[in-house]
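Visitor: Before we go through this entry, I would like to hear the reasoning behind each term as well as the term itself. Could you set each value against its criterion as we go?

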Amino acid sequence: MSLTVFLSVLLVLPCHQQVTSDSHVFRSRTDVAMMSQNNNSDECHLVMNRSAADRCVFVKNTPDCNMEDSFINYLHVVFCLLPPNLTPLTITLCMIWLLFLFVILGLTASKFFCPNLSAISTSLHLTHNVAGVTFLALGNGSPDVFSAMVAFSRPHTAGLAVGALFGAGIFVTTVIAGSVALVKPFHVASRPFLRDVIFYMVAVFWTFLILYRGTTTLGETLGYLGLYLVYVLTVIISAYIYNRQKHSMNASAQNVSNIPEFNSSDSYDDDDDDVPCLGAGTIQQEYESEYRLLLPYSESTSHILLSSLNPVDNRTWRRKSWSWRVLKVLKTPLEVLLLLCIPVVDPDKEDKNWRRPLNCLQLITAPLVCVLSFQAGIYGDYMIQGQFPLWLLTFLLGLFLSAIVFCTTTNDCPPKYHPLFALLGFVVSAVLISAAASEVVSLLHMLGVVLSLSNTVLGLTLLAWGNSIGDCFSDITIARQGYPRMAISACFGGIIFNMLFGVGLGCLVQMIKTHSDVQFEPEGLLTWVLAGSLGLSLVLSFVIIPLCRFHLGRTYGIFLHIFYVVFLVIAMLTEFGKIHIV
């Protein structure tokens, strides 16, 4: 609801800007004033001070308006292809397209990227603790991390990454954490909670210092990324210590008939930082064994292909609500397209999700999708020695490899190299997530230009909400099922990875491109409002929760929601100049 209200208010701005921007008398003075007021070096924002006839030429000749990293040049569409009186309609259609892009990000991450990472971690025989803070954290935070990387790789959109990472941090630690407390009041595990909050406060403070200085070096960026390595080692060591204590307690109580249960505050649930989704295959296997046919049955190749492309499970469909069914129908065409090009390996299934005809087809489509999607499809028109197209060579190689696999395998038994399909699925889904993130960043940049909004406010609202809304629903669902500790651990554990890798990898990519240190230009007071609000929310949680004996109740949940509303009001007032430094 808040997203709808926010957009409805913003849609009236282009009409007002259209009336006031046709004057040529004080154009240069307005440009200088606007640049100094917003403290924004993005010259593309000055296009709204030009007349309607001059905007297209300005967009074409201004480097900051270049959108070569996206498939669609949204600024060219708005100012060159469509008349000015259709700007409100254009913004409405762009918002629908933005929601669709967020659906692509969510589906690709949850249905393909994260499962393949889980399969890779299983193949590497990683423990749940290591997999949870590495592969699973990357899978859950991939939309945020890729969006931040894309935004940081372009100097004029770095504000989007800052706003998104800080805005998502405030949203997660207030709205989502508060919702978990409202749904299911509980006692949070003390030591893991304090560990995560302390590491996140260190990451936020380090990011604040980088923004305050306005620059970062290669060594500092590597140290920034190394902070997450320290966090991973801390999780592993704490899990090792906890397991040793648990085993020693069990060994000392072997001669006792009733062995007391060892409850440690070092654990979010039954195990320290255990990631249950990696080990949930036992229940699934038992459930599938109940419905396993008693007589041997071999499906035809065509039937396997058609059933593999059906993303709707009949049993799930019958027990779900009508709203879920409507949403599933809307997402089904997109899921089918993703199934055609992204293989998924499930080590928890008996056949490892081996689908011979579909997997062979994916050997053709997956490399093609990578070539046509990587870096906005610049390799789609690439000619090898100016004569042979790269995409055709990729297609022929995929066709040859697919024919070999199809002729040397059977429908019933997966080959020994089947885990390599998980690596292929990981690469393809990563490329698609990166491509969708590039479109999101470019689209938000266009909305900021047309609506005269800073990249920071778009990052802390639209981008942060879009990337976090899925986590919000999933964490609340987990809490309702009786696992609030698991939900609260996901709140704080994931945003540490998103902050450190989003900023760190984004800066590293820009350094590689420019061969120089990264320069930051904070967009005025709003950046400091963001950093201060996130730091204040973490400090309050660090102080209040221990004072409440680590009990998260409904009162504290309401307080967190009020905190977020107050922050959002202050951020909007700051954006529109109502709050400023004298």
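Guide: Let me start with a term needed at once: a helix is a DSSP run of H or I with at least four residues, and helices are numbered from the N terminus. The model is a predicted one, and by that assignment its protein chain comes to 22 helices and six strands. Helix 6 is followed by histidine 125, which has a positive phi near 60 degrees.

Visitor: What makes residues 87-123 qualify as a helix, and how does the span of helix 6 stand against the one expected?

Guide: The run holds 37 residues, and a helix needs at least four, so the stretch qualifies on length. From its first C-alpha to its last, helix 6 reaches 52 Å, which is close to the 54 Å expected at 1.5 Å a residue.

Visitor: Where in helix 6 is the kink centred?

Guide: The kink is centred on alanine 109 and comes to about 40 degrees. The figure is the angle between two fitted axes, one for the seven residues ending at a given residue and one for the seven starting there.

Visitor: At which residue does helix 16 bend?

Guide: Helix 16 bends by about 35 degrees at leucine 363, and proline 367 follows within four residues. The helix covers residues 356-373, 18 in number, and reaches 25 Å from end to end of its C-alpha trace, close to the expected 26 Å. Beyond it comes glutamine 375, whose phi is also positive, near 50 degrees.

Visitor: Why is helix 16 described as largely enclosed by the rest of the structure?

Guide: Because 14 of its 18 residues are buried, the helix is largely enclosed by the rest of the structure. For the whole protein chain of 582 residues, the buried share is 49%.

Visitor: How do you know whether valine 344, in the loop between helix 15 and helix 16, is buried or exposed?

Guide: Its relative accessibility is 15%, and buried means under 20%, so valine 344 counts as buried. Leaving aside residues up to four places away in sequence, valine 344 touches Lys111, Phe112, Pro115, Asn116, Lys352 and Asn353. Its C-alpha is also separated by 6.1 Å from that of glycine 425, a residue 81 places along the chain from it.

Visitor: Why is the pair of arginine 195 and aspartate 196 called a salt bridge?

Guide: Their closest N and O atoms are 3.2 Å apart, and the criterion asks for a Lys or Arg side-chain nitrogen within 4 Å of an Asp or Glu carboxyl oxygen, so the pair qualifies. Arginine 195 is buried at 9% relative accessible area, and aspartate 196 is buried at 1%. By this rule the count comes to four salt bridges.

Visitor: What makes glutamate 220 and arginine 213 another such pair, and is each buried, partly exposed or exposed?

Guide: Here the closest N and O atoms are 2.4 Å apart, which falls within the 4 Å limit, so this too is a salt bridge. Glutamate 220, at 17%, counts as buried, whereas arginine 213, at 44%, counts as partly exposed, because that class lies between 20% and 50%. Another bridge joins lysine 328 to glutamate 335 at 2.9 Å, with lysine 328 buried at 7% and glutamate 335 buried at 5%.

Visitor: Which residues touch the most other members of the largest nonpolar core?

Guide: In that core of 129 residues, they are Leu75, Phe79, Met446 and Met499. Apart from it lies another core, of nine residues, including Ile120, Val345, Phe421 and Ala422. As for methionine 446, its contacts, not counting residues up to four places away in sequence, are Met67, Tyr74, Leu75, Val78 and Cys94.

Visitor: Why is histidine 515 put in its accessibility class, be it buried or exposed?

Guide: Its relative accessible area is 71%, and exposed means over 50%, so histidine 515 is exposed. It sits in the loop between helix 20 and strand 5, with a positive phi near 55 degrees. Serine 452 also has a positive phi near 55 degrees, in a residue other than glycine. That serine lies in the loop between helix 18 and helix 19 and, at 29%, counts as partly exposed.

Methods:
Residues are numbered from 1 along each chain as its sequence is written. This is a predicted model: local features need pLDDT of at least 70, side-chain atom pairs count only at pLDDT 80 or more; totals for chains, interfaces and linings use all residues. Side-chain values use heavy atoms; hydrogens and water are left out. Helices (H or I, at least four residues) and strands (E, at least two) are DSSP runs, numbered from the N terminus. Buried means under 20% relative accessible area, exposed over 50%, partly exposed in between (1.4 Å probe, protein chains only). The expected span of a helix is 1.5 Å times one less than its number of residues. A nonpolar core is a set of buried Ala, Val, Leu, Ile, Met, Phe, Trp, Tyr and Cys residues joined through side-chain atoms within 4.5 Å. Contact means heavy atoms within 4.5 Å.
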